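Hello,

Here is the structure I promised to pass on to you. Please have a look at it first, and then read on for what turned up.

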Amino acid sequence: GNVTGNVTGNVTGNVTAWVTWSSGQRCVVVVNSPVNPAPRFVSPAANSTLELYMGVANSVQIVGVNDNPYDSLLLSAATPLLDGQAISPPTYTEKRIRATDKAAQVTATAVFSWKPSIRYGGYSNDFCFLLTQQGGPGSAGSSSSRCFLLRVLRCKYLAQAGDTLAAVAGLFQVDWLLLWSLNTNLRTIDPDAGTELVVGRLLGTRAGDTLATLASAMASDIATLRRLNVDFSDTAHDTALPAGLQLCVLPNTCAAD
C-alpha cells in the first residue's frame, strides 16, 4: 500500500512518526451458481399469428434477451426459409466483460420479412426461431425457441399503389371483368392502395369431393385450383377430401351447362 504521514524530531534524537497505511483492497462475495437462466423471447408474443396478403411485403421484429449479462447469445432460424423469406443479420448488445460494465442483459434483434407470391394463397405453417447461450465454466448454456403462425390469406389480395383491376387480374390469370364481378363494392377500375380485393370464391368441401369433381362443378380446371391453394398443390386429382375444408375457386360463369 502507500505510506503517508508526518515524521517529527531531530536526526540525532528520538524520532516520532505517525503513519497511515492505505490500500485499494475491497472484499466481495463470489457466488458460482451452476444455474444459468435460459434466454427468453420478447417478440413476437407466444402463440401469435401473422396474417399476410399475397404479393404484399410484411415484416416482424424478433427480439431475444439473455438475463446473464456475461454470456454470449446467438439468434437463429429453426425453420427453413421459403421463397422470398429473409432474416436480417442479428444485432447484439455488448455483454458485460468487467464488473464495472453497465450491461444488465444481452439483447439479440433481427427482422423476419416475407412477400409471399400469389401462389402461396392458403399457406399456414409455424415459423420458429432459436436463442442459444454460449455458457461458461461451471454453467452450461441453454436455449429457448419461439414459434409464430404464418398465414397467407386465401382468395384475397391487397391493392398496391398503381394497381388496376387489369393488372391484378393478370397476376391471377383471370379476366378482369370476372374480378370486377367478384368485387361489387368497387366504384372504379383503379382501386385505391390498401383496398382488399377478392380474387376468387371460397368453396367449402363435402365428404367425397376431389379436386377433379370441384374443378368440373366450377367449370374450372385442376391446375387453377392448385395455383390458388398452395396447401392443395400436391393433392392428387382423385384424392377424396374431408368435409369442411375451404378452397379458393374461380367459377367460369360463362361456361355452358
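Let me start with a small question: in which loop does Asn 47 lie? Asn 47 sits in the loop between β3 and β4. Before I go further, please keep in mind that this is a predicted model.

**Backbone details**

The loop with Asn 47 is a good place to begin. Phi of Asn 47 is near 60°, a positive value in a residue other than glycine. With a relative accessibility of 76%, Asn 47 counts as exposed, because the cut-off for that class is over 50%. Pro 44 also belongs to the loop between β3 (40-43) and β4, and the peptide bond that leads from Ser 43 to Pro 44 is cis, with omega near 0°. As background, most residues other than glycine have a negative phi, and most peptide bonds are trans.

Another positive phi, of about 50°, belongs to Ala 219, which is not a glycine either. You will find Ala 219 in the loop between α3 (211-217) and α4. Its relative accessible area is 33%, so Ala 219 is partly exposed.

**Salt bridges**

How many salt bridges does the structure hold? There are 6 salt bridges, and I will go through some of them here. The general idea will be familiar to you: side chains of opposite charge can pair when their charged atoms come close.

One pair is Arg 151 with Glu 51, where the closest N and O atoms are 3.2 Å apart. Arg 151 belongs to strand β11 (residues 143-158) and Glu 51 to strand β4 (residues 49-54), so this salt bridge ties together parts that are 100 residues apart in sequence. Both partners are partly exposed: Arg 151 has a relative accessible area of 32%, and Glu 51 has one of 42%.

Strand β11 also holds Arg 154, which pairs with Asp 231 in the loop between α4 (222-228) and β14 (246-249), so here the parts tied together are 77 residues apart in sequence. In this salt bridge the closest N and O atoms are 2.9 Å apart. Arg 154 is buried, with a relative accessible area of 18%, whereas Asp 231 is partly exposed at 39%. Arg 154 falls in the buried class because the limit for it is under 20%.

Asp 209 and Arg 206 form a salt bridge too, with 4.0 Å between the closest N and O atoms. Is each partner buried or exposed? Asp 209 counts as buried, at 9% relative accessibility, while Arg 206 counts as exposed, at 61%.

**Contacts between loops**

Asp 231 comes up again when you look at C-alpha distances. The C-alpha atoms of Asp 231 and Arg 119 are separated by 9.9 Å, although these residues are 112 residues apart along the chain. Arg 119 is in the loop between β9 (106-114) and β10 (124-133), and at 41% relative accessibility it counts as partly exposed.

Lys 102 and Pro 69 make another such pair: they are 33 residues apart in sequence, and their C-alpha atoms are 9.3 Å apart in space. Lys 102 lies in the loop between β8 (91-92) and β9. At 81% relative accessibility, Lys 102 counts as exposed.

**A surface patch and a pocket**

Helix α2 (residues 176-182) is worth a look as well, and Trp 180 has its place there. Together with Trp 176, Leu 177 and Ile 189, Trp 180 forms a nonpolar patch on the surface, with about 370 Å² of accessible area between them. Trp 180 itself is partly exposed, with a relative accessible area of 33%.

Helix α2 also has a part in the second largest pocket: α2 and α4 each supply at least two residues of its lining. That pocket has a volume of about 230 Å³. Which residues lie nearest its centre? They are Val 174, Leu 178, Leu 250, Pro 251 and Asn 252, out of 15 residues that line the second largest pocket. By class, its lining has 6 nonpolar, 6 polar and 3 charged residues.

That is what I have for you. Enjoy looking through it!

Best wishes

Notes. Residues are numbered from 1 along each chain as its sequence is written. This is a predicted model: local features need pLDDT of at least 70, side-chain atom pairs count only at pLDDT 80 or more; totals for chains, interfaces and linings use all residues. Side-chain values use heavy atoms; hydrogens and water are left out. Patches are made of residues with over 30% relative accessible area and no salt bridge: like charges are joined within 9 Å, nonpolar side chains (Val, Leu, Ile, Met, Phe, Trp, Tyr) within 5 Å. Accessible areas come from the Shrake-Rupley method with a 1.4 Å probe; for residues, only the protein chains shown count as cover. A salt bridge is a side-chain nitrogen of Lys or Arg within 4 Å of a carboxyl oxygen of Asp or Glu. Helices (H or I, at least four residues) and strands (E, at least two) are DSSP runs, numbered from the N terminus. Buried means under 20% relative accessible area, exposed over 50%, partly exposed in between (1.4 Å probe, protein chains only). On a 1 Å grid over the protein atoms alone, a cavity is a set of points where a 1.4 Å probe fits but cannot get out, and a pocket is an open set with protein on both sides within 12 Å along at least five of seven lines; lining residues have an atom within 4 Å of a point. Grid points are joined across faces, edges and corners, and a volume is the space filled by probe spheres set on the points. Ala, Val, Leu, Ile, Met, Phe, Trp, Tyr, Cys and Pro count as nonpolar, Asp, Glu, Lys and Arg as charged, and the others, Gly among them, as polar.
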